[in-house]
Amino acid sequence: MTITQQIITVGVVVIGTMLTRFLPFFIFPANKPTPVYIQYLGKVLPAAVIGMLVIYCFKDVSFLSNRHGLPEILAVILVVSLHLWKRSMLLSIAAGTCFYMVLVQYVF
């Protein structure tokens, strides 16, 4: 890419980022109540996104292979139990990822 193309690319990315950050404040100003549908989405979407991520993570797991999905299941058990115990999302995800990688690299 030439320097002009790089500058244009960075400019477009900056405008896109600023637009996505500031647009909600223009669409839903503070002096107006938030529409009921948007409030509903705020309650429902987090659980839906987590559900989609879990399904996406398990889409390539083969329960008929020699490992039978055991590393993945053990990592999920660790993540859920750590999260229920400590209520720390960062700790749960980091520990589960490290545990899964150790299982895959050294155990299975």
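**Exercise 1.** Which residues in α3 meet which residues in α4?

*Solution.* This is a predicted model. Take the α3 side: Pro71, Glu72, Leu74, Ala75, Leu78, Val79, Leu82, His83 and Lys86 make the contacts. Their partners in α4 are Met89, Leu91, Ser92, Ala95, Gly96, Phe99, Tyr100, Leu103 and Val104.

**Exercise 2.** Describe how helix α3 (residues 70-86) and helix α4 (residues 89-107) pack.

*Solution.* Start with the angle, which is about 155°. Angles over 145 degrees count as roughly antiparallel. α3 and α4 are therefore roughly antiparallel to each other. Next, the distance: their axes lie 8 Å apart. Last, the handedness: α3 and α4 cross in a right-handed way.

**Exercise 3.** Check the span of helix α1 (residues 3-27), then find its bend.

*Solution.* At 1.5 Å a residue, the 25 residues of α1 should span 36 Å. The end C-alpha atoms are 35 Å apart, which agrees. The bend is about 35°, at arginine 21. Proline 24 follows within four residues.

**Exercise 4.** Do the same for helix α2 (residues 36-58).

*Solution.* At 1.5 Å a residue, its 23 residues should span 33 Å. The end C-alpha atoms of α2 are 34 Å apart, which agrees. α2 bends by about 35° at valine 44. Within four residues comes proline 46.

**Exercise 5.** Which element has the lowest mean pLDDT, and which the highest?

*Solution.* The protein averages 94, and 100% of the residues score at least 70. Among the elements, α2 has the lowest mean (94) and α1 the highest (96).

Terms used: Residues numbered from 1 in each chain as written. Predicted model: local features only at pLDDT ≥ 70, side-chain atom pairs only at ≥ 80, totals over all residues. Heavy atoms only, no water. Helix = DSSP H or I, 4+ residues; strand = E, 2+ residues; numbered from the N terminus. Expected span 1.5 Å × (residues − 1). Bend = angle between axes of the 7 residues up to and from the residue. pLDDT = per-residue confidence, 0-100. Axes fitted to C-alpha atoms, helices over the stretch in contact; angles between N-to-C directions. Parallel < 35°, antiparallel > 145°, perpendicular 65-115°, else oblique. Left-handed = near helix turned anticlockwise from the far one by under 90°. Contact = heavy atoms within 4.5 Å.
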